[in-house]
Amino acid sequence: MSEENQAAENQPVFAIQKIYVKDVSVESPNAPQAFLEQLQPEFNIQFRNEARGFDNGFYEVSLTVTAQAKVEDRTVFLIETTQAGLFQIEHVPAEEMDPLLGIGAPSILFPYLRETVSDLTTRAGFPPLLLQPINFEAIYLQQRAQQAAQQQTGAAETTH
């Protein structure tokens, strides 16, 4: 095998194989009364990102959102959906895998998740809920800083 062919074979690969909705749940426990109320609901929106590896360089990355709208103590709607992607990742240095799975892949999935949430709220009879853009890089860096601080705290506690 020539050096040129071997260099081509070892090129980093990051390919989207499939993007799909993995899970979806919509609840509107106070319908139809919720449609008659004129009060503006309060929103609680939470995100979770997960990644897991499979054989042959395949990784599933999933982005889950839980969106709850409440008026006083009553739930107007509760939507939880997981948008996932199957990615093929090969010949990527180990130190670049975490950012790729924590920043790159979620950034690709987010527009699909946003569209799914908007569509689900509309289909449930409510105005579309438009998720605000997320800076996955800032979240990733914040999580890494927290982990480093916890490790330092843990190391300091064991030396005393």
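The following conversation works through some of the terms used for this predicted model.

User: Why is Glu60 called buried rather than exposed?

Analyst: Glu60 has a relative accessible area of 7%, and buried means under 20%, so Glu60 is counted as buried.

User: What makes the contact between Lys22 and Glu60 a salt bridge?

Analyst: The side chains of Lys22 and Glu60 meet at 2.9 Å, taken from N to O, and because a salt bridge asks for a Lys or Arg side-chain nitrogen within 4 Å of a carboxyl oxygen of Asp or Glu, the pair qualifies. Lys22 lies in strand β1 and Glu60 in strand β3, so this salt bridge ties together parts that are 38 residues apart in sequence. In general, side chains of opposite charge can pair when their charged atoms come close.

User: Why does Lys22 count as partly exposed?

Analyst: Lys22 has 42% relative accessibility, and since partly exposed covers the range between under 20%, which is buried, and over 50%, which is exposed, Lys22 is placed in that middle class.

User: How do you know that Arg74 and Glu72 form a salt bridge, and which class of accessibility does each residue have?

Analyst: The closest N and O atoms of Arg74 and Glu72 are 3.1 Å apart, and because the cut-off is within 4 Å, the two residues form a salt bridge. Arg74, with a relative accessible area of 28%, is partly exposed, whereas Glu72, with 62%, is exposed, because exposed means over 50%. Salt bridges that share partners also join Lys22, Arg52 and Glu60 into one network, and the structure holds seven salt bridges.

User: What makes Glu50 and Arg48 another such pair?

Analyst: Their closest N and O atoms are 3.4 Å apart, which is within the 4 Å cut-off, so the name salt bridge applies here as well. Glu50 counts as partly exposed at 42% relative accessibility, and Arg48 also counts as partly exposed at 42%.

User: Why is strand β4 described as mostly covered?

Analyst: In β4, which spans residues 74-90, 12 of the 17 residues are buried, and because buried means under 20% relative accessible area, the strand is described as mostly covered.

User: How do you know that β4 pairs with β1 and with β3?

Analyst: Two strands pair if at least two bridges are found between them; 13 bridges join β1 to β4, which run antiparallel, and β3 and β4 pair in the antiparallel sense over 14 bridges, so both cases satisfy the rule. Among the partners, Val24 is bridged to Thr81 in β4, and Ala69 stands opposite Phe77 in β4. The strands β3 and β4 form a hairpin with two residues between them, where Glu72 in the turn has a positive phi of about 55°.

User: What makes Val21 suitable for a surface patch?

Analyst: Val21 has 43% relative accessibility and counts as partly exposed, and because residues in a patch need over 30%, Val21 passes that requirement. Together with Val24 and Val26, Val21 makes a nonpolar surface patch of about 220 Å², and Val21 itself lies in strand β1.

User: How do you know that the span of helix α3 is close to the expected one?

Analyst: Helix α3 has 30 residues and reaches 42 Å from its first C-alpha to its last, which is close to the 44 Å expected at 1.5 Å a residue. There is also a kink of about 45° in α3, centred on Leu100, and just after α3, Gly125 takes a positive phi of about 95°.

Terms used
Residues numbered from 1 in each chain as written. Predicted model: local features only at pLDDT ≥ 70, side-chain atom pairs only at ≥ 80, totals over all residues. Heavy atoms only, no water. Patch = residues over 30% accessible without salt bridge, like charges linked within 9 Å, V, L, I, M, F, W, Y side chains within 5 Å. Areas by Shrake-Rupley, 256 points an atom, 1.4 Å probe, with all protein chains shown as cover. Helix = DSSP H or I, 4+ residues; strand = E, 2+ residues; numbered from the N terminus. Buried < 20%, exposed > 50% of the residue type's maximum accessible area, 1.4 Å probe, protein only. Expected span 1.5 Å × (residues − 1). Bend = angle between axes of the 7 residues up to and from the residue.
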